[in-house]
Amino acid sequence: MSDTPKYQRKIIHIDMDAFYASVEQRDNPELRGKPIAVGGSPEGRGGVVATASYEARKFGVRSAMPSKTALQLCPDLIFVYPRFSAYKEASKSIREIFRRHTELIEPLSLDEAYLDVTIDKQGIGSAIAIAEHIRAAIKAELNLTASAGVSVSKFVAKIASAMKKPDGLTFIAPSRVEAFMEELPVEKFFGVGRVTAEKMKKMGLHKGIDLKGLSEDELIRFFGKVGRFYYKIVRGIDDRVVEPYRETKSLGAEDTFAHDLITVAEMYAELDKIAQTVYDRLFRAKLAGRTITLKVKYHDFRQITRNKSFLAPVSDLNTIAATAKQLLLSSDVSDKKIRLLGITLSNFGDVVPKSRVRKNPDQLELF
Ligand code: DCP
Ligand code: MG
C-alpha cells in the first residue's frame, strides 16, 4: 500500500442473507424452499417488495420492485406481510452474538454491521476465524445465515461481504487491497449512484484503476467533495473508524437569548420555537418520550429544571409546547429575567405508526 498505516485494523462486515424473507421462512416451514417476497400491502395487493427469498431472486424479483412487476416475473410468488417485531428480535440476537467478540460494533441497519476485531476478545486467533464463529453461532442459535467480509477497512469489508452471498465469507488480504480496488467497477464505489456511474463511464472511467489515473484536484473538480474520498479509497486508504452505536437517552434543544426575557409572552414565543426544533429532531429520530423537561437559566445564572412525565410516550408539537409552558408557569417566573430556555424529551419508547395500530375489539375494554 502506498501509505502503510501505523497499525493494521481487522474489520468484519456482516450482512444477513435475504433477511426479512429468511426470518419468514424460518418461522413458517411452508414457506421454505419457495419463492417469497416480504412486502406488499395489508390487503395483499399493491405495494413494493421489501426483499425476496433467493428462490424468488432467480426470477429477477428484487427489493423496491412494485409487487405487480414481481408477480409478472414470478407468478408463483408468495407475498408475506412484514413482521417488524420478529426482525428486530433477530437483529437484537445477532448483536448479542457480535458482542461476544468485540464492543466495537456499528450497526448500519437491522441486518448489517461493522465490527472492529483488531482486539480479539476471546483469543480465537484471527479475524477470519472470528467471522466464521459468528456465522456459525447465527446459524446454530437463530437458524439464519449471514455473509461476511473480512479486511482492513470498512469499505473493503463491505464490498467483500456481498461477494459470496448467500452464506459465504470473503477475505481480502492486506497485500491484495490495492489490486482489489484497482479492479473494482466504479458503480461499486461508495456514493456512486447511477448518474455518477454513467458520467464516469462516458469519461472512460470504468474501474478503480481508471480513477487512480486522476489527481485529487481533478476528482474533486469532476465529482465534487466526494472526489477526495475516491482519491483515498482507490489507494486502499479508508481510515473511517467503526463507531459504536450509542442509544439516544434524551433529545432536546435550548437557546440563550441576546436580551433577557421579561414578559411571559416573550417566553412563550421562544418556547414555541424551541419546541418546534425538538419536535423536528424527534421526528427525524423516530422517537417519542414519556418525560418532558424544561430548563430555565435566570439572568443571575441560577438554573432550574422542571419535568413532567406521561403514561405513554409523546412526540407531538402541541403537547411539547404546552407542557413546557405549563412547567414554566409553575416555576415562578414572575419577577425573574430569563437568559436561557431549553426543552428535553427522555424516557423513550418506540413510536408506533398509527397505521399499524389495529383496534382489537376485545382489548378496547381493558382495565
Ligand atoms: N429492505 C427494505 N427495502 C429495501 C431494501 C431492504 O425494506 N429497498 C429490508 C429488507 C431486507 C433488509 O432490509 O431483508 C436488509 O436489506 P439487504 O439489502 O441486506 O437485503 P437482504 O438482507 O434481504 O438480502 P441480501 O442477502 O442481498 O443481503
Ligand atoms: Mg442483507
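**Ligand shell, sheets and backbone exceptions in a predicted model**

The shell around ligand 1 is made up of seven nonpolar, two polar and five charged residues. The structure described here is a predicted model, and the ligand site is a convenient place to begin. Of the 14 residues that surround ligand 1, those coming nearest are Asp15, Ala18, Thr51, Tyr54 and Arg57. Two of these five can be followed down to individual atoms. For Ala18, a backbone N or O atom is found 2.8 Å from an oxygen atom of the ligand. For Arg57, an N or O atom of the side chain lies 2.8 Å from an oxygen atom of ligand 1. A further polar contact involves Lys165, where a polar side-chain atom is placed 3.1 Å from a ligand oxygen atom. Ligand 1 on its own exposes 550 Å², of which the protein buries 68%. Four elements each give two or more residues to the shell: strand E1, helix H1 (19–27), strand E3 (49–52) and helix H2 (54–57).

Two of these contributors, E1 and E3, lead on to the sheets. E1 is part of an open sheet of five strands, with mixed pairing and the order E5-E6-E1-E7-E8. At its edges are E5 (105–109) and E8 (169–171), each of which pairs on one side only. From one strand to the next, the twist averages 15 degrees. E1 covers residues 11–16 and pairs with E6, residues 112–116, in the antiparallel sense over five bridges. Within this pairing, Ile11 faces Asp116 of E6. Two helices pack on the sheet. Helix H5 (127–142) touches E1, E6, E7 (146–151) and E8, and its direction makes about 170 degrees with that of E7. Helix H6 (154–161) touches E1, E5, E6, E7 and E8, with its direction at about 145 degrees to that of E7.

On its other side, E6 is joined to E5 by four bridges, and these two strands also run antiparallel. Here Ile105 stands opposite Leu115 of E6. The connection is a hairpin, with two residues between E5 and E6. As general background, strands of a sheet pair through backbone hydrogen bonds, in either a parallel or an antiparallel arrangement.

E3, the other strand named in the ligand shell, belongs to an open sheet of three strands, ordered E3-E2-E4 and again mixed in its pairing. Why is one side of E3 and of E4 left without a neighbour in the sheet? E3 and E4 (78–80) stand at the edges and have a single partner strand each, so one side of each has no neighbouring strand in the sheet. Neighbouring strands here are turned against each other by 30 degrees on average, direction ignored. Strand E2 (36–39) pairs with E3 in the antiparallel sense over three bridges, and Ala37 stands opposite Ala52 in E3. Helix H1, which also gives residues to the ligand shell, lies across E2, E3 and E4 and runs at about 115 degrees to E2.

A few backbone features deserve a look before the model is used in further calculations. Most residues other than glycine have a negative phi, and most peptide bonds are trans. Against this background, the peptide bond from Lys165 to Pro166 is cis, with omega near -10 degrees. Pro166 is placed in the loop between H6 and E8, and Lys165 is the residue whose side chain makes the 3.1 Å approach to the ligand oxygen. Asn143, in the loop between H5 and E7, has a positive phi of about 55 degrees although it is not a glycine. Lys286 likewise has a positive phi, near 55 degrees, and is found in the loop between helix H12 (264–285) and strand E10 (287–298).

One more loop residue completes the account. Ser330 sits in the loop between helix H13 (317–329) and strand E12 (338–350). A polar atom of the Ser330 side chain is 2.9 Å from the backbone oxygen of Leu327. Between the C-alpha atoms of Ser330 and Ile233 the separation is 57 Å, with the two residues 97 positions apart along the chain.

Notes:
Residues are numbered from 1 along each chain as its sequence is written. Chains are lettered from A and ligands numbered from 1 in the order in which they are written. This is a predicted model: local features need pLDDT of at least 70, side-chain atom pairs count only at pLDDT 80 or more; totals for chains, interfaces and linings use all residues. Side-chain values use heavy atoms; hydrogens and water are left out. Two strands pair if DSSP finds at least two bridges between them. Axes are lines fitted to C-alpha atoms, for helices over the stretch in contact, and angles run from 0 to 180 degrees between N-to-C directions. Contact means heavy atoms within 4.5 Å. A residue is near a molecule or strand if one of its heavy atoms lies within 4 Å of it. A polar contact is a pair of N or O atoms within 3.5 Å; within protein, one must be able to donate a hydrogen and the other to accept it, and residues adjacent in sequence count only if both atoms are side-chain atoms. Accessible areas come from the Shrake-Rupley method with a 1.4 Å probe; for residues, only the protein chains shown count as cover. Ala, Val, Leu, Ile, Met, Phe, Trp, Tyr, Cys and Pro count as nonpolar, Asp, Glu, Lys and Arg as charged, and the others, Gly among them, as polar.
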